[in-house]
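Here are some short exercises to work through with the model open next to you. Try each task before you read the solution.

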Amino acid sequence: MGYIVEMGELFLAGNYKRERLAFVKGTGTRLFTEDGEEYLDFTSGIAVCNLGHCHPELLEVLQTQAKLLWHTSNLYYLVSQAKLAEKLVELSFADKVFFANSGAEAVEAALKLARRFGYENFGKEKNQFIALENSFHGRTFGALSVTGQPKYWEGFEPLVPGVIFVKPNDKKALKEAFDDKICAIIIEPIQGEGGIYPLEKDFIELGRELCDKYNALLIFDEIQTGIGRTGKLFAYEHFGVEPDIMCLAKALANGLPLSAMLAKEKVMSALKPGTHASTFGGNPLACAVALKVLEIVSDPSFLKEVAIKGKVLKEKIESLNSFKSGIIKEVRGWGLLIGIEFYIPANEIYKKLLERKILVTQPKPNIIRLSPPLIINYREIDFFIENLKEIITLLKV
Ligand SMILES: *Cc1c(COP(=O)(O)O)cnc(C)c1O
């Protein structure tokens, strides 16, 4: 395996901080290295493989579609694309769907749609965005420009102008930021890369109210929170507040590149032929798989299971506090998107988990994110907890 890592280091761009680790195979919640070493995956990529690795039903759908058709361009209609759009509409607030390939592209599409809708209905002055501090929406210039973490901007300015940042859950600041020039506000229901911070219901409700008052659009970036991750198919269902536009990506096709931007008909009608496009967007292979993903994940009993497993996992982590206090500061999140904030830098805990062949992610120095495949079982949850408990016990603090 050594040589895969070395080849990667020689030839790949150095933009990722990677582990010196290469996986060649995955099944369910497990990943395997070339030497056959087995890892328990508590990441699902970054909340991507919600149904685990190489899910048999998805594999079958993919193989069937691979024998039929890979690409035609969006100059024609595609069976799996039309069916997936129908399914997304059936399961959400939306009436229409635009497909792209990545999260950032879905965000770009949402921002462009919001400006275009403002332009067509209220004039060209209506072009300002409100976004939240500590947010993450992607790395392309538009998505980066609404990402409220200056560390991601360094060396890339000037960004797209016309963005006002507001502190999450600061209702007064939100009210003050609104005026007639605002075309949209973009919000992650749970700030994911920011460290798993769920937003408060009354803040979201106020956002909806102000959008209605100022003819602005409410955009939910559910790229990380969507597709069952939080125990509901979409996280907005926790608030009982519907957006005008929603972005989906990560788990939509369980690892194949696919994203979607959904909107109400009145809003999406601003995208006339020629206003926006994507060559690969809505690829038939990815759409076929995504349709199956939605069939499985949208089952109410599946979602209920996710919510229960998430609750059990969260409570078990919280209970570690009674056993050794002063280590875990807070456990946040819904369903199987959980952030553990430590009083101390989480590096050592992350490394110790990796030594024990358990994969997690670390979105911020003091925070560990758990986003296991939604198919995780209770034995695996207990295995994780036992290991975390041992690691915490052995910590010299
Ligand atoms: C990952 C993520 C993105 C960016 O998705 P890419 O596919 O990496 O472009 C945007 N928004 C949120 C909330 C994300 O978690």
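**Exercise 1. Find where Ser 73 and Cys 54 sit, and look up their phi values.**

Solution. Start with Ser 73, which is found in the loop between H3 and H4; helices here are DSSP runs of H or I with at least four residues, strands are runs of E with at least two, and both are numbered from the N terminus. This is a predicted model, where local features need pLDDT of at least 70, side-chain atom pairs count only at pLDDT 80 or more, and totals for chains, interfaces and linings use all residues. Residues are numbered from 1 along each chain as its sequence is written, and side-chain values use heavy atoms, with hydrogens and water left out.

Next, read phi for Ser 73: near 85 degrees, a positive value in a residue other than glycine. Then move to Cys 54, in the loop between helix H2 (44–47) and helix H3 (56–68). Phi of Cys 54 is also positive, near 50 degrees. Cys 54 counts as exposed because its relative accessibility is 54% (buried is under 20% relative accessible area, exposed over 50%, partly exposed in between, with a 1.4 Å probe and protein chains only). For background, most residues other than glycine have a negative phi, and most peptide bonds are trans.

**Exercise 2. Which residues does a cis peptide bond join?**

Solution. Check omega: at about 5 degrees, it marks a cis bond between Glu 157 and Pro 158. Now place the proline: Pro 158 lies in the loop between helix H6 (141–145) and strand E6 (163–166).

**Exercise 3. Describe the packing of helix H4 on helix H11.**

Solution. First the geometry: H4 (residues 79–91) and H11 (residues 284–297) pack at an angle of about 35 degrees, with their axes 8 Å apart. Axes are lines fitted to C-alpha atoms, for helices over the stretch in contact, and angles run from 0 to 180 degrees between N-to-C directions.

Then list who touches whom, with contact meaning heavy atoms within 4.5 Å. H4 brings in Ser 80, Gln 81, Lys 83, Leu 84, Lys 87, Leu 88 and Leu 91, while H11 offers Pro 284, Cys 287, Ala 288, Ala 290, Leu 291, Leu 294 and Glu 295. Sorted by class, that's nine nonpolar, two polar and three charged residues (Ala, Val, Leu, Ile, Met, Phe, Trp, Tyr, Cys and Pro count as nonpolar, Asp, Glu, Lys and Arg as charged, and the others, Gly among them, as polar).

**Exercise 4. How is the aromatic pair of Phe 178 and Tyr 214 arranged?**

Solution. Start from the rule: rings of Phe, Tyr and Trp (its six-membered ring) pair if their centres lie within 6.5 Å; planes under 30 degrees apart count as stacked, over 60 as edge-to-face and the rest as tilted. The count by this rule is ten aromatic pairs. For Phe 178 and Tyr 214, the centres are 5.5 Å apart and the planes differ by 25 degrees, which makes the pair stacked.

Now locate both rings. Phe 178 is in the loop between helix H7 (171–177) and strand E7 (182–187), and Tyr 214 in the loop between helix H8 (201–213) and strand E10 (217–221), so the pair ties together parts that are 36 residues apart in sequence. Phe 178 and Tyr 214 are both buried.
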